[in-house]
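Please walk through this model with attention to where charged and nonpolar side chains are placed. The paragraphs below take it region by region.

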Amino acid sequence: MRVFPGLKTLSRAVHEEQEQEHDEEKNNAEKLCTSLTVWRKSLVMSCKGFTVIDCYGNLVYRVDNYIGRPNEVTLMDASGKSILTMFRHRRLGLLDGWFVYEGEVGNNIRTRSNFSKPSKSPIYRVKKHVNILHGNTNVLAYVFRGVSHSDKRCVAFTVEGSYAHRACKVLDQCRRVVAEIKRKEANTKNVSFGIEIFQLVVHPGFDPAFAMGLVLLLDQMFS
């Protein structure tokens, strides 16, 4: 088939222009994301926890885990105010599930006798995925809204990837990525942050605090 002179050059130019537009759209989308640096270390001595800073070096979130409450994790802002409180809930000692509450939770929820009927309702329930015989081995956890049952049709978000390698994605019901956990790259060559310092990228429309809450729960489930 005869090709008109210059058609191949024009086609290549159009293709390169389309690629450039795609790269610009991708860069613009990344600029809208919230990028946080997560350090797996508490600001308080003798405590295990997390320190989270933004791209400007400002303290955003902090976590101080005291030994007295191994089944409770509280995410605080920079001033120490509770943003999310998470409690482990196990059935028959097998399934690792967590209830996520807004703000600080009263002492009555911490008692085993009153835990099934707390005074305030959880906003999410996160259940660790256990792959025994079947299922997607790439799935780490399922997120349900409120106190919904374990029917996968009621899943609000799914966490996939590998927390051990700091390579995870949080997907909504339409399989769109809403948050990502990534290894942090150093600007200097031959410098590695390892797995103790990593990056949390939150896409527009998703709550950064809840994204960090998921990081805490993944750390409880898989560390």
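Is Ile53 buried, exposed or partly exposed? The model is a predicted one, and in it Ile53 is partly exposed, because its relative accessible area is 30%, which falls between the limit of under 20% for buried and that of over 50% for exposed. Ile53 lies in strand E2, and together with Leu43 and Leu59 it makes a nonpolar surface patch of about 210 Å².

Strand E2, which covers residues 48-53, also holds Lys48, and this lysine counts as exposed because its relative accessibility is 69%. Leaving aside residues up to four places away in sequence, Lys48 touches Ser42, Val63, Asp64 and Asn65. With one of these, Val63, the spacing can be stated in two ways, since the sequence separates Lys48 and Val63 by 15 residues while their C-alpha atoms are 8.0 Å apart in space.

The next stop is the salt bridges. Side chains of opposite charge can pair when their charged atoms come close. The count for this model comes to five salt bridges, and a network of them links Arg40, Glu196 and Asp219. Within that network, Arg40 forms a salt bridge with Glu196, where the closest N and O atoms are 3.5 Å apart. This pair links distant parts of the chain, with Arg40 in the loop between strand E1 (34-39) and E2, and Glu196 in the loop between E11 and strand E12 (197-202), 156 residues apart. Arg40 also forms a salt bridge with Asp219, and here the closest N and O atoms are 2.7 Å apart. Because Arg40 lies in the loop between E1 and E2 and Asp219 in helix H3 (residues 208-222), the pair ties together parts that are 179 residues apart in sequence. As for how these three residues are covered, Arg40 is partly exposed, with a relative accessible area of 29%, and Glu196 counts as partly exposed at 33%, whereas Asp219 counts as buried at 9%.

Another of the salt bridges joins the side chains of Arg176 and Asp172, at 2.9 Å from N to O. Its two ends are covered to unlike degrees, since Arg176 counts as exposed at 52% relative accessibility, while Asp172 counts as buried at 13%.

A further acidic residue to examine is Glu180, which sits in strand E11. Which side chain of opposite charge is nearest to Glu180? That side chain belongs to Lys182, 4.0 Å away, yet Glu180 has no salt bridge although it is buried. Glu180 does have a polar contact of 2.9 Å, made between its side chain and that of His203. His203 is also among the residues that Glu180 touches beyond four places away in sequence, a list that further includes Cys168, Lys169, Gln199, Leu200 and Val201.

Two arginines deserve a look for their backbone angles. Arg166 has a phi near 55°, a positive value in a residue other than glycine, and its place is in the loop between strand E9 (155-162) and strand E10 (167-171). Arg175 likewise has a positive phi, near 65°, and is found in the loop between E10 and strand E11 (177-183). Their surroundings can be set side by side: Arg166 is buried because its relative accessible area is 3%, whereas Arg175 counts as exposed because its relative accessibility is 53%.

Note on methods: Residues are numbered from 1 along each chain as its sequence is written. This is a predicted model: local features need pLDDT of at least 70, side-chain atom pairs count only at pLDDT 80 or more; totals for chains, interfaces and linings use all residues. Side-chain values use heavy atoms; hydrogens and water are left out. Helices (H or I, at least four residues) and strands (E, at least two) are DSSP runs, numbered from the N terminus. Buried means under 20% relative accessible area, exposed over 50%, partly exposed in between (1.4 Å probe, protein chains only). Contact means heavy atoms within 4.5 Å. Lys and Arg count as positive and Asp and Glu as negative; His and the chain ends are not counted. A polar contact is a pair of N or O atoms within 3.5 Å; within protein, one must be able to donate a hydrogen and the other to accept it, and residues adjacent in sequence count only if both atoms are side-chain atoms. Patches are made of residues with over 30% relative accessible area and no salt bridge: like charges are joined within 9 Å, nonpolar side chains (Val, Leu, Ile, Met, Phe, Trp, Tyr) within 5 Å. Accessible areas come from the Shrake-Rupley method with a 1.4 Å probe; for residues, only the protein chains shown count as cover.
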